[in-house]
Amino acid sequence: MPLQFVNLFDLNISTFIRYVVYVGLLSAILPSCELINPAEEIPAYLQIDDVALSVSEGQGSGSHKITDVWIDAENAVQGVYEMPATFPLLNNGPTYLLISAGIMDNGISSTRVAYPLYFPDTMTMDLEEKKIYQLTPQFSYRSATKFSFIEDFEAGNLFGQIAGDSSLIRVNEEELVFEGGYSAYIYLDPDHPVYEGRTANAYEIENGSPVYLELNYKCDQAFEVGLYGTSGFGNISLYKWNINPKETWNKIYLNMGADVQDLDSDVIQVQIRAVFNGSNTSSHIYLDNIKLVNF
């Protein structure tokens, strides 16, 4: 369509005023488009496929089940990402990152938390738009972490049988051991339908401390983990954590902090119970690297 030029001298006065107002509005609107639709920021990207856990002497196994990373950039929360993950960051230039290790509390996928006993990884990265930065965060236990007990079954067995007609025994067959030379084994069948065991020692834990039981296991039927303590009401036996079958070795973090506090006992013991469910002719439970950790 050809351009049309307006001769202002041909306009009547009202039309002239409307024309001036229109031109004024148009000139005001055009520069403001940049404010309404600002230029989009272009992110850099972090790619985290895996993490590592380093342990010191006296801290037991370095096995872990860190499933997520919790990301802070320049002290601002960015999000929680299940690995493997590639995600954007709108920060550019030198950026301080704090990356925390995320777990599934009590093995439940809907209760994901930053594990309070692992120290976050921190770093400063010079980020550029569009670039992808591959990272493998390195975690370790916080220096304040107390290992109330570590049982890897290499030298003995901390769990004494208190009931039942089956036993928790040490095994060293390579196909049955998670790592090291030994794991623990509970066998159940109609003639040996129950095992119940408890730590021979009791442990004093400061009230209000985060308390977790870390455990490697595999099993073809469920078993229970619990606490035992003595309060003003007498002896209390609590079985709260049901561990479901896993065909391959798995790690779980059992959050016991609130339960230890509710138990209101000067000391606590950890206990394990398994009752044959009859789904197979026999059942098999394997355990390793049991740690009671707290502050």
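**Exercise 1. The largest pocket**

Work out which strand gives the most to the lining of the largest pocket in this predicted model, and how the lining residues divide by class.

*Solution.*
Step 1: Look for elements that supply at least two lining residues; β19 and β20 each do.
Step 2: Pick the top contributor. That's β20, with five residues.
Step 3: Find the middle of the pocket. Its lining has 16 residues, and N106, G107, N242, N244 and I252 sit closest to the centre.
Step 4: Sort the lining by class: seven nonpolar, five polar and four charged residues.
Step 5: Add the volume, which comes to about 260 Å³.

**Exercise 2. The cavity**

How many cavities of 30 Å³ or more does the structure hold, and which residues line the largest cavity?

*Solution.*
Step 1: A handy idea to begin with: rolling a probe the size of a water molecule over the atoms shows where empty space is left.
Step 2: Count the cavities of 30 Å³ or more. There's just one.
Step 3: Note the volume of the largest cavity, about 40 Å³.
Step 4: Name the lining: K65, T67, M104, G107, K251, I252 and Y253.
Step 5: Trace where these come from. β20 gives the largest share, three residues.
Step 6: Class by class, you get three nonpolar, two polar and two charged residues.

**Exercise 3. Strand β1 and its partners**

Why is strand β1 largely enclosed by the rest of the structure, and which strands are joined to β1 by bridges?

*Solution.*
Step 1: Check burial across residues 44-48, where a residue counts as buried under 20% relative accessible area. Four of the five residues of β1 are buried, so the strand is largely enclosed.
Step 2: Take the antiparallel neighbour. β5 (residues 85-89) is joined to β1 by five bridges, and I48 has A85 as its bridge partner there.
Step 3: Take the parallel neighbour. Four bridges pair β1 with β10 (residues 132-135), where L46 partners Y133.

**Exercise 4. The nonpolar cores**

Find which residues touch the most other members of the largest nonpolar core, and which strand supplies its largest share.

*Solution.*
Step 1: Go through the 35 core residues. F223, M256, L287 and L292 touch the most other members.
Step 2: Ask where the core comes from. Elements supplying at least two residues each include β15, β18, α2 and β22, while β17 gives the largest share, five residues.
Step 3: Zoom in on M256. Leaving out residues up to four places away in sequence, M256 touches V211, L213, V225, L227, W241 and L292.
Step 4: Look beyond this core. Another one, of 30 residues, lies apart from it and has L97, I103, M123 and Y133 among its members.

How values were computed:
Residues are numbered from 1 along each chain as its sequence is written. This is a predicted model: local features need pLDDT of at least 70, side-chain atom pairs count only at pLDDT 80 or more; totals for chains, interfaces and linings use all residues. Side-chain values use heavy atoms; hydrogens and water are left out. Buried means under 20% relative accessible area, exposed over 50%, partly exposed in between (1.4 Å probe, protein chains only). Two strands pair if DSSP finds at least two bridges between them. A nonpolar core is a set of buried Ala, Val, Leu, Ile, Met, Phe, Trp, Tyr and Cys residues joined through side-chain atoms within 4.5 Å. Contact means heavy atoms within 4.5 Å. On a 1 Å grid over the protein atoms alone, a cavity is a set of points where a 1.4 Å probe fits but cannot get out, and a pocket is an open set with protein on both sides within 12 Å along at least five of seven lines; lining residues have an atom within 4 Å of a point. Grid points are joined across faces, edges and corners, and a volume is the space filled by probe spheres set on the points. Ala, Val, Leu, Ile, Met, Phe, Trp, Tyr, Cys and Pro count as nonpolar, Asp, Glu, Lys and Arg as charged, and the others, Gly among them, as polar.
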